[in-house]
Amino acid sequence: AAAWAEQWAGNGSGALVIALGGVVDVDSAIAAIGTLPPASISVPIAALAIAVPVAFNTLLKLGLMLAIAGWRSARWAALALAGPVLTITASAVIQRV
């Protein structure tokens with residue numbers, strides 16, 4: 001789907017398809033980047049297409065952990081998971097500037 005979107009719409013649309021699909025399955029996003037033709041998207045866009053699903057997946061795990069264990073029991077683990085999400089988000093924001 002990513003290769004088709006890139007051929008049909010161009011301009012990084014394949015990366016958008018990968019990022020959206022990767023929200024459900026991070027591994028598929030990583031594998032899909034490899035299916036795109038060389039130089040079809042820039043390296044920063046490819047990195048963003050992988051970073052977005054990773055951040056959402058980490059947020060999902062953080063939310064599940066807090067819902068199951070509660071803040072009191074899971075606060076240190078929650079803070080540990082929040083760090084990478086904040087780093088990915090900051091990198092994405094800085095990259096787009």
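User: Before we start, how do accessible areas get worked out here?
Analyst: Accessible areas come from the Shrake-Rupley method with a 1.4 Å probe, and for residues only the protein chains shown count as cover. This is a predicted model, where local features need pLDDT of at least 70, side-chain atom pairs count only at pLDDT 80 or more, and totals for chains, interfaces and linings use all residues. Residues are numbered from 1 along each chain as its sequence is written, and side-chain values use heavy atoms, with hydrogens and water left out.

User: OK, so how much does the protein chain expose?
Analyst: About 6200 Å², with carbon and sulfur atoms supplying 71% of it.

User: And which secondary structure does the chain have?
Analyst: There are 4 helices and 0 strands, in the order α-α-α-α along the sequence. Helices (H or I, at least four residues) and strands (E, at least two) are DSSP runs, numbered from the N terminus.

User: Where does leucine 64 lie?
Analyst: Leucine 64 is in helix α4, which covers residues 43-96.

User: Why does leucine 64 count as partly exposed?
Analyst: Because its relative accessibility is 46%. Buried means under 20% relative accessible area, exposed over 50%, and partly exposed in between (1.4 Å probe, protein chains only).

User: Switching to threonine 58: buried or exposed?
Analyst: Threonine 58 is buried, at 13% relative accessible area. Threonine 58 is also found in helix α4.

User: What is threonine 58 in contact with, leaving aside neighbours within four places in sequence?
Analyst: Leu81 and Val85. Contact means heavy atoms within 4.5 Å.

User: How much of the whole chain is buried?
Analyst: Buried residues make up 31% of the 97 residues.
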